[in-house]
Amino acid sequence: MSNSASSHRLDQSSDRPDRQLHLSLHHVTILVRDQDRSLRFYLDQLGFNLFIDVRNESGDRWVAVAPPDGIAILALVTPRPDSDEYKLIGRSRDVVFVTEDVTAKFHQWRESGVRFHHPPQATPWGGTFTRFEDPDGNCFVLMGRDEVSQGIDAQRRAVAEKLEAERRAAQELEIAKQVQARLFPQTLPALRTLDYAGICLQAREVGGDYYDFLNLGRQQLGLVIGDISGKGIAAALLMAHLQANLRSQCVIAWDQPQRLLRSVNKLFYENTADNAYATLFFAEYDDRARRLRYANCGHLSALLLRSDNTLERLDSTGTVLGLFSEWDCSIAEREIFSGDTLALYTDGITESFNNAGDEFGEQRLIEALRRNRDLSPEALLASIVDDVQHFSPYEQHDDITLIVAKCTQDQ
């Protein structure tokens, strides 16, 4: 094989990328004497849409119109009077418009003042056509045939089916959003020594973050926050699965939190895909003893801001849920005093980033807690979320979930 043949073959192979490159016709140029007059013809008489009307850097005006389907674009160009192109105004003969009913379109346009050469005529190839002119004498063909009508009808059906599928999907997603909203706590069990609140702002209609307040009886409250692997509907289904497991098993949690979490892990492992998992922070607060027992299952460290402004991190005591059949964790304990503030959160807060690519981070969260520690839990939640959204004002990429609990004097 010669070198030239090899080179040609290499050039050919480079023209065949792995993916199909986009290619479409941008516009057809129509030379006109007066762009405003032509615009009135195309917009008012033919019912076209204005595609663009701007002036470029040289001061020339760029005007383009499109038929209602928007597929074809006609650029209405006014050449300079002293140019060769100016002599070509009115000589366009090559643009063909297609409709499923030539006769109906003929009557509609003729009533709006469009000048036709003749009424619709049959063609030897089984179609119908006529010709019309714009104000400059440019001539266009309006045609149709059975195959075209069938194609247009098929296209309309496909578009209608797509729109209906999108409408149903949006409706189902809205229902899923409402259902998931009901999975978050609807009531807060009353405690004497703890004020608390939670919030979840989802990045999509549904998401994989989870928080809960569980009434464990005997003046004990379960505080739960979790983050499911993945996003969207799949994560939302796993979130509902984890919530159901926790709530159904929490009757054993008041004195055996390890047993509870082992059971939850077993159910999660056996009933989800191999790569599905969740980080979870589970805490049990005893309202009488002001004691917090907790297990951090691969989740972000909870923040315990003491009344003297010192900070304690409640770090991991076990690995994530759902990846291992044999699983266990340890239980840690903290005594909670009046004036202490506990914050549980997901990475949608700390990993929110700004234009420079900087993350909001744990330190900004700590500063926000310290700065607003005198606020009620609800107001403190709102303040932190406001800080995050001001720091990262654009599209939210992950769910933002936060629990704040403040220990108080006996009420």
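Okay, a definition to start: two strands count as paired if DSSP finds at least two bridges between them. Keep that in mind, since we'll need it for a hairpin in a minute. And one caution: what you're looking at is a predicted model.

So, the hairpin. Strands β2 and β3 make it, with five residues sitting between them. Look for Gly-59 in the turn: its phi is positive, about 95 degrees. How many bridges join β2 to β3? Six, and the two strands, residues 49-55 and 61-66, run antiparallel. If you want one pair to click on, take Asn-49, whose bridge partner in β3 is Ala-66.

Let's zoom out for a second. The chain has 411 residues, and 43% of them count as buried. Its secondary structure adds up to nine helices and 19 strands. Now take the contacts with a separation of 6 or more: 65% of those come from residues 24 or more positions apart. As for the outside, the chain exposes about 22400 Å², with carbon and sulfur atoms supplying 49% of that.

Next, a sheet. Quick reminder: strands in a sheet pair through backbone hydrogen bonds, either parallel or antiparallel. Here we have five strands in an open sheet, and the pairing is antiparallel. Reading across, the order is β10, β19, β18, β15, β16. Which strands are at the edges? Those are β10, residues 194-201, and β16, residues 311-314, each of which pairs on one side only. From one strand to the next, the twist averages 15 degrees.

Inside that sheet, find β18, residues 341-345, and β19, residues 400-407: five bridges join them, and they run antiparallel. Ala-343, for instance, has Val-404 as its bridge partner in β19.

Two helices go with these strands. Helix α9, residues 377-391, packs on the sheet and touches β10, β18 and β19. Its direction makes about 35 degrees with that of β10. Then there's helix α8, residues 361-371, which lies across β15, β16 and β18 and runs at about 35 degrees to β15.

Last stop, the surface. Tyr-277, Leu-323 and Phe-324 make a nonpolar patch of about 240 Å². Tyr-277 is in the loop between α6 and β13. Why does Tyr-277 count as partly exposed? Because its relative accessibility is 31%, and partly exposed covers what lies between buried, under 20%, and exposed, over 50%.

That's it from me, thanks!

Technical notes. Residues are numbered from 1 along each chain as its sequence is written. This is a predicted model: local features need pLDDT of at least 70, side-chain atom pairs count only at pLDDT 80 or more; totals for chains, interfaces and linings use all residues. Side-chain values use heavy atoms; hydrogens and water are left out. Patches are made of residues with over 30% relative accessible area and no salt bridge: like charges are joined within 9 Å, nonpolar side chains (Val, Leu, Ile, Met, Phe, Trp, Tyr) within 5 Å. Accessible areas come from the Shrake-Rupley method with a 1.4 Å probe; for residues, only the protein chains shown count as cover. A salt bridge is a side-chain nitrogen of Lys or Arg within 4 Å of a carboxyl oxygen of Asp or Glu. Helices (H or I, at least four residues) and strands (E, at least two) are DSSP runs, numbered from the N terminus. Buried means under 20% relative accessible area, exposed over 50%, partly exposed in between (1.4 Å probe, protein chains only). Axes are lines fitted to C-alpha atoms, for helices over the stretch in contact, and angles run from 0 to 180 degrees between N-to-C directions. Contact means heavy atoms within 4.5 Å.
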